[in-house]
Amino acid sequence: MKKIFIALLGVMSIASVANAQKKTSGAIQFENTIDPAAMASASGIQLTDQMKARMPSSSKTNFELLFTATNASYMPVEETEDSNGAGGGGGGMGRMMMRFGGGGGNREYYYTFADKGLKEVFDLNDTTYYMPSKLTLSTSGPIGSMRMGGGNPRDTTKAQPAPAPKIEVVKTDSTKQIIGFTCHQAIVRSTRAIKILDMDKNVVEETKIWYTKDLGFDFSPNPNMWTEGAVLAIEGRGNSSIAKSIEYRNVSAKDVTAPKKAKLITAEEYKTKMENMMKRFRQNRPGGGQGRAFGMN
């Protein structure tokens, strides 16, 4: 009888270890939703009815987080679809907002848990690049600075500058269950001074971050919106990223490692490339770029 009891304990111990190992890798499905008109309004931009009619009322994209005990990858699993029926090829403004705002679009993100490191992988001019960074709370705020007009209206050589916003993080006692995990709330409050058509305005924006420490690693679907733990939901005005399901399964190390073909590019080099591309775009547009500048920062 004693031998049988010891054998049962052994089987239970093996099963427990196997189950624990299984829970260190798997996949989490996320749904990103963007309402471009609401995002513009949150930045203090007034849109005409005609401009709103040309925007999708909402745009949704599905993303998948694959994780192991040491690494993770986050990338889209299907094309963007908007509520106006534009389909996968018509993400339009919604897709543009994701690309400029980070944490979405056609980019792939590779995380290393030990140092909170990140490699952002993307294609630019037929070349695959990776840009290294870390999980952080961006000082530029939840939504990139937008400025229309101001300064010299004929100066189209660069985007109009916008001052950095004041960022405040408020941790609350609020909790909610997301895919079976208890998540805590942190509110990121951004106060920015913007100029729209030569008028100065202060815009206050709040973004809710829901995170859990129960997964045992640090992550955020938007690497620039992270305070601690694994972020399972980001809720802003007109945009959100929310975890919908989790499945524990074996994940290959190859699936959570940045492609070897990717070429290193620094944030400074990337910024210079984008500024040069925008400069060429403005110079080549009808009228030789003699209009008001519209900048994203």
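**Exercise 1. Decide whether Asp 214 is buried or exposed, then place it in the chain.**

Solution. Start with the surface: Asp 214 has a relative accessible area of 54%. The cut-off for exposed is over 50%, so Asp 214 counts as exposed. Keep in mind as you work that this is a predicted model. Next, find its place: Asp 214 sits in the loop between β11 (199-212) and β12 (230-236). Now look across that loop. Ala 230 is 16 residues away from Asp 214 in sequence, and their C-alpha atoms are 8.2 Å apart in space. Finally, set aside the neighbours within four places in sequence; Asp 214 is then in contact with Phe 181 and Thr 182.

**Exercise 2. Get an overview of the whole protein: how many helices and strands are there, and what share of the residues is buried?**

Solution. Begin with the secondary structure, which comes to 5 helices and 15 strands. Then turn to burial: of the 297 residues in the protein, 40% are buried. For the outside, the accessible surface is about 16,300 Å², and carbon and sulfur atoms account for 53% of it. Last, consider contacts between residues at least 6 apart in sequence: 63% of these join residues at least 24 apart.

**Exercise 3. Work out whether Asn 32 is buried or exposed, and find which side chain its own side chain touches through a polar contact.**

Solution. First locate the residue: Asn 32 belongs to strand β1, which covers residues 26-34. Its relative accessible area is 4%. Buried means under 20%, so Asn 32 is buried. Then follow the side chain, which makes a polar contact with the side chain of Ser 241 at 3.0 Å.

**Exercise 4. Trace how β5 pairs with β3 and with β6.**

Solution. Take β3 to begin with. Strand β3 (residues 71-76) and strand β5 (residues 108-112) run antiparallel and are joined by 4 bridges. Here Ser 73 stands opposite Tyr 110 of β5. Now move to β6 (residues 117-124), which is antiparallel to β5 and joined to it by 5 bridges. In this pair, Tyr 111 has Leu 118 in β6 as its bridge partner. The hairpin of β5 and β6 has 4 residues between the strands.

**Exercise 5. Find what sign phi takes at Lys 116 and at Ile 179, and say where each residue lies.**

Solution. A general point helps here: most residues other than glycine have a negative phi. Against that background, look at Lys 116, which is not a glycine and yet has a positive phi of about 55°. Lys 116 lies in the loop between β5 and β6, and with 32% relative accessibility it is partly exposed. Then go to Ile 179, where phi is also positive, near 45°. Ile 179 lies in the loop between β9 (166-178) and β10 (181-196).

**Exercise 6. Describe the second largest pocket: how many residues line it, and which lie nearest its centre?**

Solution. Volume comes first: the second largest pocket holds about 150 Å³ of space. Next comes the lining, which is made by 13 residues; those nearest the centre are Asn 71, Tyr 110, Thr 112, Lys 119 and Ala 258. To finish, ask which elements give two or more residues to this lining. They are β5, β6 and β7 (127-134). One name links back to Exercise 4: Tyr 110, which lies nearest the centre along with the others listed, is the residue of β5 that stands opposite Ser 73.

Conventions:
Residues are numbered from 1 along each chain as its sequence is written. This is a predicted model: local features need pLDDT of at least 70, side-chain atom pairs count only at pLDDT 80 or more; totals for chains, interfaces and linings use all residues. Side-chain values use heavy atoms; hydrogens and water are left out. Buried means under 20% relative accessible area, exposed over 50%, partly exposed in between (1.4 Å probe, protein chains only). A polar contact is a pair of N or O atoms within 3.5 Å; within protein, one must be able to donate a hydrogen and the other to accept it, and residues adjacent in sequence count only if both atoms are side-chain atoms. Contact means heavy atoms within 4.5 Å. Accessible areas come from the Shrake-Rupley method with a 1.4 Å probe; for residues, only the protein chains shown count as cover. Two strands pair if DSSP finds at least two bridges between them. On a 1 Å grid over the protein atoms alone, a cavity is a set of points where a 1.4 Å probe fits but cannot get out, and a pocket is an open set with protein on both sides within 12 Å along at least five of seven lines; lining residues have an atom within 4 Å of a point. Grid points are joined across faces, edges and corners, and a volume is the space filled by probe spheres set on the points.
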